[in-house]
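Biologist: I should like to understand how the labels given to a structure are justified. Could we go through them in turn?

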Amino acid sequence: MASRFVIGDKVHQAFSNHAEGTVVAIFKDRAGGLRYAVEMFGHRTIQIVSEGSLVARDD
């Protein structure tokens, strides 16, 4: 399964509050789906999200 994003990509969450962040890790869940660890700007937190909830930033 090919990853749509790579570590270091700037992204935002499409389905929540459009929070912005940077992909810091990529891994597979138990079902084999890709999950992304995203360091959120301003929050200094890591969120684990699915590929479908991320959109690449243009800047």
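Modeller: The following exchange sets values of this predicted model against their cut-offs.

Biologist: What makes Phe 5 and Tyr 36 an aromatic pair that is edge-to-face?

Modeller: A search of the whole structure finds one aromatic pair. The ring centres of Phe 5 and Tyr 36 are 5.6 Å apart, with 85 degrees between the planes. Centres within 6.5 Å make a pair and planes over 60 degrees apart count as edge-to-face, so both conditions are met. Phe 5 lies in the segment before β1 and Tyr 36 in strand β3, 31 residues apart.

Biologist: Why is Phe 5 called buried?

Modeller: Its relative accessible area is 3%, and buried means under 20%. Tyr 36, at 0%, is therefore buried by that rule as well.

Biologist: How do you know that Arg 57 and Glu 20 meet in a salt bridge?

Modeller: Their side chains have N and O 3.9 Å apart, and the limit is within 4 Å, so the contact qualifies. Arg 57 lies in the segment after β5 and Glu 20 in strand β2, so the salt bridge ties together parts 37 residues apart in sequence.

Biologist: Why is Arg 44 called exposed, whereas Glu 39 is called partly exposed?

Modeller: Arg 44 has 71% relative accessibility, and exposed means over 50%. Glu 39 has 29%, which falls between 20% and 50% and is therefore partly exposed. These two residues form a salt bridge, with closest N and O atoms 3.7 Å apart.

Biologist: What makes Phe 27 eligible for the nonpolar patch?

Modeller: Phe 27 has a relative accessible area of 35%, and patch residues need over 30%, so Phe 27 passes that cut-off. Val 24, Ile 46 and Ile 48 join Phe 27 in this surface patch, with about 340 Å² of accessible area together.

Terms used:
Residues numbered from 1 in each chain as written. Predicted model: local features only at pLDDT ≥ 70, side-chain atom pairs only at ≥ 80, totals over all residues. Heavy atoms only, no water. Patch = residues over 30% accessible without salt bridge, like charges linked within 9 Å, V, L, I, M, F, W, Y side chains within 5 Å. Areas by Shrake-Rupley, 256 points an atom, 1.4 Å probe, with all protein chains shown as cover. Buried < 20%, exposed > 50% of the residue type's maximum accessible area, 1.4 Å probe, protein only. Phe/Tyr/Trp six-rings, centres within 6.5 Å; stacked < 30°, edge-to-face > 60°. Helix = DSSP H or I, 4+ residues; strand = E, 2+ residues; numbered from the N terminus.
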